[in-house]
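Here is a short report on one protein model. It covers enclosed spaces, an open pocket, salt bridges and a few surface details.

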Amino acid sequence: MALTGLDIYKLLPKTNCGDCGVPTCLAFAMALATKKTSLDKCPHVSDQAKSALEGASAPPIQLVTIGTGENKLEIGNETVLFRHEQTFYHPTGIAVEIADNLPIAEIEKKAKHVESLVFDRVGKKVRVELIAIRDVSHNAETFANACKAVAANSTLALIQISSNPAVQEAGLKITAARRPLIYAADAQNYQAMAELAKKNNCPLGVSGNNLDELADLTPKITALGVKELVINPNSKTQGQLLSDVNQIRRLGLKKTFRPLGFPVIVFPADGLNPMSETLFAATFILKYAGIVVLKGSELWQMLPLVTVRQNVYTDPQKPIQVESKIYPIGKVTDSSPILITTNFSLTYFTVEPEVEGSKVPSYILVVNTEGMSVMTAYAADKLNEKIIAKALNESFTVSEVTKEQGQESNIAQKVKIKHKKVIIPGYVATLSGKLEAESGWEVLVGPREASSLPSYLKNVWK
Ligand code: SF4
């Protein structure tokens with residue numbers, strides 16, 4: 001667990017010399033505890049205290065970076081067991097495995113396919129991030145050729161799966177600049193694997209037969225100079241694996257048990273059909289894998305996985321929002337209906353497809369409610385008659401009215417409309433009278449549920 005300011009103070013020289021830039025050791029300790037300064041600012045701290053403080057200030061779960069540039073993947077560095085305690089920071093990486101003994105044309109096709117697994121969900125791009133090349137051939141040249149085919153056809157981060165250091169080395173000649181995860185070191189090969197990881201500046205996977213073996217192995221590897229590790233307890237059943245992964249997370253966070261303070265890689269496919277593989281992968285995305293490696297890559301497998309991951313890795317304190325503005329849906333005209341909704345992404349992306357599906361070209365005016373849904377925003381007074389009236393009058397201009405008032409200068413920035421009618425969500429029907437008085441617009445009360453919008457727009461809107 002992180003040290004408090006007082007714990008840190010006990011390890012400092014307590015001379016209050018001020019050389020660190022703050023007047024007292026206690027002030028420095030408090031600043032260090034809140035990460036507002038760094039230990040190297042105190043030139044007088046003893047080596048013993050330094051090693052204790054550096055160890056305590058290291059993250060309980062090591063941050064590991066796989067890949068480089070735009071497509072690099074960061075995993076680990078989590079601080080809580082449950083999302084509601086704070087948030088989860090680094091989403092589980094989803095990897096698809098490609099065997100090196102497939103024909104090269106097939107490898108190239110698969111690599112391109114995995115690269116294309118990008119989905120647009122609630123306004124964000126979500127994707128599969130990794131390709132894992134597995135040494136099935138046990139032949140260095142075949143493995144290197146597979147790495148070459150993947151690297152040439154995909155920009156994604158890579159995992160090299162082989163327990164043979166010679167095979168790994170052949171692959172690294174092609175991929176080292178892409179900083180792949182070398183998977184995996186074990187009790188037999190860890191020295192050679194650690195040397196490869198160190199030489200090529202790559203993260204290293206570590207495979208043990210149980211938690212004890214892993215905890216025994218990782219300090220030996222970090223002592224060889226490789227700090228970025230990803231661990232796999234190789235549990236015998238999926239149930240045991242779930243229990244082990246939970247233990248690893250708990251020991252890392254609650255006991256600051258450094259030998260297991262690393263992100264975990266899991267292979268939910270072993271011996272399972274694609275449906276079970278997907279279900280287990282979803283389970284391990286929720287608890288608490290850093291990487292899940294799948295054999296399957298069907299769209300029906302990937303879409304639920306990226307969706308469940310997006311749900312659990314969204315900061316609960318910062319709802320996903322869309323931009324507050326006018327969204328024209330379809331070929332809108334100056335007679336098209338105007339619908340009000342909020343800037344909470346899930347609300348907008350529930351409303352938008354229904355409006356599009358109605359085939360009635362419409363404007364959706366998204367009001368800034370700080371990312372709250374309709375009912376929550378209404379309850380928090382973030383969706384009221386004043387806010388809607390302001391958004392309406394800043395967004396639309398009714399041609400005849402504007403002419404009479406001589407406000408042509410604003411027309412270019414606003415959408416011209418012939419009518420002065422607005423549709424509000426059924427859940428805030430109670431706002432209609434006050435909104436009419438505030439805005440001067442005729443207010444129509446729409447349905448409560450977005451699913452009723454197509455029939456409302458076709459049959460009720462005039
Ligand atoms: S430099 Fe070190 S000893 Fe001096 S006040 Fe700062 S913390 Fe204390």
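Ala, Val, Leu, Ile, Met, Phe, Trp, Tyr, Cys and Pro count as nonpolar, Asp, Glu, Lys and Arg as charged, and the others, Gly among them, as polar. With these classes, the lining of the largest cavity divides into 10 nonpolar, 3 polar and 2 charged residues. The model is predicted.

**Cavities**

The count comes to 2 cavities of 30 Å³ or more. The largest cavity holds about 110 Å³ of space. It is lined by 15 residues, and those closest to its centre are Ile61, Arg249, Pro263, Val264 and Tyr288.

The second largest cavity holds about 90 Å³. Its lining also has 15 residues, with Cys17, Gly18, Cys20, Cys25 and Cys42 nearest the centre. By class, this lining has 9 nonpolar, 5 polar and 1 charged residues.

**An open pocket**

About 450 Å³ of space lies in the second largest pocket. The pocket is lined by 20 residues; Pro91, Lys125, Val126, Glu129 and Arg309 are the closest to its centre. Which elements each supply at least two residues of this lining? They are strand E2 (73–75), strand E5 (124–127) and helix H11 (299–312). E5 gives the most, with 4 residues. The lining of the second largest pocket divides into 7 nonpolar, 4 polar and 9 charged residues.

**Salt bridges**

A search of the whole structure finds 10 salt bridges. Among them are the three in this table.

| Salt bridge | Closest N to O |
|---|---|
| Lys295 and Glu97 | 3.1 Å |
| Arg179 and Glu228 | 3.0 Å |
| Asp216 and Lys220 | 3.3 Å |

Take the bridge between Lys295 and Glu97. Lys295 lies in the loop between strand E12 (291–294) and H11, and Glu97 in strand E3 (residues 93–99), so the pair ties together parts that are 198 residues apart in sequence. Is Lys295 buried or partly exposed? Lys295 has a relative accessible area of 42%, so it is partly exposed. Glu97 is buried, because its relative accessible area is 9%, and buried means under 20%.

Next comes the bridge between Arg179 and Glu228. This pair also links distant parts of the chain, 49 residues apart. Arg179 sits in the loop between helix H6 (165–175) and strand E8 (181–185). Glu228 sits in the loop between helix H8 (211–223) and strand E10 (229–232). Both Arg179 and Glu228 are buried.

The bridge between Asp216 and Lys220 lies within one helix. The two residues are 4 apart in helix H8, so about one helical turn separates them. Asp216 is partly exposed, with a relative accessible area of 45%. Lys220 is partly exposed as well, at 36%. Elsewhere, salt bridges that share partners join Glu97, Arg134 and Lys295 into one network.

**A surface patch and a buried strand residue**

Leu6, Leu26 and Met30 make a nonpolar surface patch of about 260 Å². Leu26 belongs to helix H2 (residues 25–33). Leu26 counts as partly exposed because its relative accessibility is 36%.

Thr341 lies in strand E14 (residues 338–342). Its relative accessibility is 3%, so Thr341 counts as buried. How far apart in space are Thr341 and Ile364? Their C-alpha atoms are 7.0 Å apart, while the two residues are 23 apart in sequence.

Definitions and conventions:
Residues numbered from 1 in each chain as written. Predicted model: local features only at pLDDT ≥ 70, side-chain atom pairs only at ≥ 80, totals over all residues. Heavy atoms only, no water. 1 Å grid on protein atoms, 1.4 Å probe; cavity = no way out; pocket = protein on both sides within 12 Å on 5 of 7 lines; lining within 4 Å. Points joined across faces, edges and corners; volume = space filled by probe spheres on them. Patch = residues over 30% accessible without salt bridge, like charges linked within 9 Å, V, L, I, M, F, W, Y side chains within 5 Å. Areas by Shrake-Rupley, 256 points an atom, 1.4 Å probe, with all protein chains shown as cover. Salt bridge = Lys/Arg side-chain N within 4 Å of Asp/Glu carboxyl O. Buried < 20%, exposed > 50% of the residue type's maximum accessible area, 1.4 Å probe, protein only.
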